[in-house]
Amino acid sequence: MRIMTEQSETHFAPEAVRRGRLMAAIMMLVLALPLVAAIVVYRTGIGMPAGTANEGVLLTPPQPIEQLALVERDSTQPWDIRKERARWRLLVPALAGCDDQCKQNLYLTRQVHVRLAKDAYRMERFILLGQNEPVDAEFEEFLQREHPGLRTMRVSEDRLTELLAATNLATSQPDDEGHYYLMDQRGFVMMAYHREHTGNQLLADIKRMLKVTYEG
């Protein structure tokens with residue numbers, strides 16, 4: 001015969017409850033510290049090892065793309081990254097027209113994009129034209145023939161100069177020095193490349209970034 005006993009409650013001493021909560025808080029803090037430290041280093045550059053594996057020039061601190069107020073061609077509204085799929089993006093300036101160096105940068109970034117193979121969908125390329133820079137029929141045909149999928153953005157040269165002025169590339173003139181830039185998935189311009197960087201170097205950086213970030 002089964003004997004039923006009265007239901008009883010287990011009571012914990014207030015001191016034991018406080019001790020348990022303190023231990024839980026300490027464990028959460030220990031787990032969160034490495035992530036917080038990594039974010040601080042990434043966003044500010046503070047504590048970045050001198051022998052970093054990056055091939056490009058790390059912008060310190062990284063700059064939000066919103067500062068550029070990009071406007072996509074044939075649009076009147078600023079481009080809003082929040083409405084876009086999370087992707088890494090390469091930005092190729094052509095503020096005073098696309099000269100030979102600009103075309104070389106477009107070619108190199110296109111080849112790297114292709115070499116990403118199955119991960120190519122996680123990358124996108126922009127060409128940054130000056131606000132009033134005309135696009136003639138010849139250049140239009142060149143872009144459509146050689147660079148399908150390339151997105152054309154308008155940007156103020158002053159805004160790009162101001163963005164760089166807040167970083168370690170404060171004296172950089174992108175059109176004069178042939179710079180192009182890598183932007184992360186959240187919209188921070190965080191790496192710069194110039195004419196001396198090879199496609200293999202750019203590809204190595206991008207593969208490394210894709211490996212350690214989520215897919216959008």
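**View 1. Helix H6 is as long as its residue count suggests.** At 1.5 Å a residue, the 14 residues of H6 (residues 199-212) should span 20 Å, and the end C-alpha atoms are indeed 20 Å apart. (The expected span is 1.5 Å times one less than the number of residues; helices are DSSP runs of H or I with at least four residues, strands are runs of E with at least two, both numbered from the N terminus.) This is a predicted model, so local features need pLDDT of at least 70 and side-chain atom pairs pLDDT 80 or more, while totals for chains, interfaces and linings use all residues. Numbering starts from 1 along each chain as its sequence is written, and side-chain values use heavy atoms, without hydrogens or water.

**View 2. Here is what H6 tucks away.** Its buried residues are Gly 199, Leu 202, Leu 203, Asp 205, Ile 206, Met 209 and Leu 210. They cover an arc of only 165 degrees, so they sit on the same side of H6. (The arc is taken from the directions from the helix axis to the C-beta atoms; buried is under 20% relative accessible area, exposed over 50%, partly exposed in between, with a 1.4 Å probe and protein chains only.) On the other side, Lys 211 and Val 212 are exposed.

**View 3. Cys 98 and Cys 102 form a disulfide.** Their sulfur atoms lie 2.0 Å apart; the cut-off is a pair of cysteine sulfurs within 2.5 Å. The link is left-handed, with -90 degrees about the S-S bond. Both Cys 98 and Cys 102 are buried.

**View 4. Met 123 sits in strand E4.** Met 123 counts as buried because its relative accessibility is 4%.
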